[in-house]
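I keep these entries as a record of what I looked up in one structure. They are set down in the order in which I consulted the model.

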Amino acid sequence: MAVVLGIDWGSRMLGLAKVNLSDKVIFPVGFVKNDGDLYFTLAGIIAQEKISQIVVWLPQKEFAIQEKIKAFVKKLQMFVEIPVEYVGEDYTSVEAWAMLS
């Protein structure tokens, strides 16, 4: 059973959600503080939730934020040994609102 953790990086907080790929239902995991314990906190969540892959949202047009997110992922990969992919997030909120309308 493949479980993917989605991470929405923020300078103060990270939003987390997980999806079991067999049933494709997304569950919010919550938020974690972007502080000195971040990587240990994430490693614990990844182990507890049996995460097999990570997806990190990456804004396509905000280059300064892209660099911060890539630095975050590079450090995260020192704490966990599972694949990490980037997914473009531009306009995802607009698409979500369009689907709800």
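Entry 1. Helix H2 and the sheet.
Which strands does H2 lie across, and at about what angle does H2 run to S4? I looked this up in a model that is predicted. H2 lies across S1, S2, S4 and S5, and its direction makes an angle of about 165° with S4.

Entry 2. The order of the strands.
I next traced the sheet as a whole. It is an open sheet of 5 strands, with mixed pairing, and the order across it is S3-S2-S1-S4-S5. S3, residues 25–33, and S5 are the edge strands, each of which pairs on one side only. From one strand to the next, the twist averages 25°.

Entry 3. The antiparallel pairs.
I then took the pairs one at a time. S1 and S2 run antiparallel and are joined by 6 bridges. In this pair I found valine 3 opposite asparagine 20 of S2. S2 and S3 also run antiparallel, with 8 bridges between them. Here leucine 16 stands opposite glycine 30 of S3. I noted as background that strands of a sheet pair through backbone hydrogen bonds, either parallel or antiparallel.

Entry 4. The parallel pairs.
How many bridges join S1 to S4? I counted 4, and the two strands run parallel. Glycine 6 faces valine 55 of S4 in this arrangement. On to the next pair: S4 pairs with S5, residues 84–88, in the parallel sense over 5 bridges. Valine 56 has tyrosine 86 of S5 opposite. Between these two strands the chain passes through H2, and the β-α-β crossover so formed is right-handed.

Entry 5. The enclosure of S4.
Is S4 largely enclosed or largely open? I found that 5 of the 6 residues of S4 are buried, so the strand is largely enclosed by the rest of the structure.

Entry 6. The two helices.
I turned to H1 and found that H1 lies across S1, S2, S3 and S4, running at about 155° to S3. H1 and H2 pack at an angle of about 60°, and their axes are 11 Å apart. Their crossing is right-handed. I listed the residues that meet there: Leu38, Tyr39 and Leu42 on the side of H1, and Phe72, Lys75 and Leu76 on the side of H2.

Entry 7. The nonpolar core.
Which residues have the most contacts inside the largest nonpolar core? The core has 23 residues, and those with the most contacts inside it are Ile7, Leu14, Leu42, Ile54, Phe72 and Leu76. Two or more residues come from each of strand S1 (3–8), strand S2 (13–20), helix H1 (38–48), strand S4 (53–58) and helix H2 (63–76). H1 gives the most, with 5 residues. I set beside this a general remark: in soluble globular proteins, nonpolar side chains tend to be buried together.

I followed leucine 42 further. Leaving aside neighbours within four places in sequence, leucine 42 is in contact with Leu14, Leu16, Val32, Phe72 and Leu76.

Entry 8. Isoleucine 46.
Is isoleucine 46 buried or exposed? This residue lies in helix H1. Its relative accessibility is 6%, and because buried means under 20%, isoleucine 46 counts as buried. I recorded its contacts, not counting residues up to four places away in sequence: Leu5, Ile51, Ile54, Val80 and Ile82. Of these, I checked valine 80, which is 34 residues away along the chain, and the C-alpha atoms of the two residues are separated by 8.2 Å.

Entry 9. Two lysines with positive phi.
Where does lysine 24 lie? I found lysine 24 in the loop between S2 and S3. The hairpin of these strands has 4 residues between them, and lysine 24 there takes a positive phi near 55°. Lysine 24 counts as exposed, at 66% relative accessibility.

Lysine 50 lies in the loop between H1 and S4. Phi of lysine 50 is near 55°, again a positive value in a residue other than glycine. With 64% relative accessibility, lysine 50 counts as exposed. I added the general context that most residues other than glycine have a negative phi.

Methods. Residues numbered from 1 in each chain as written. Predicted model: local features only at pLDDT ≥ 70, side-chain atom pairs only at ≥ 80, totals over all residues. Heavy atoms only, no water. Core = buried A, V, L, I, M, F, W, Y, C linked by side-chain atoms within 4.5 Å. Buried < 20%, exposed > 50% of the residue type's maximum accessible area, 1.4 Å probe, protein only. Contact = heavy atoms within 4.5 Å. Pairing = 2+ DSSP bridges. Right-handed = clockwise from strand over helix to strand, strands pointing away. Axes fitted to C-alpha atoms, helices over the stretch in contact; angles between N-to-C directions. Left-handed = near helix turned anticlockwise from the far one by under 90°.
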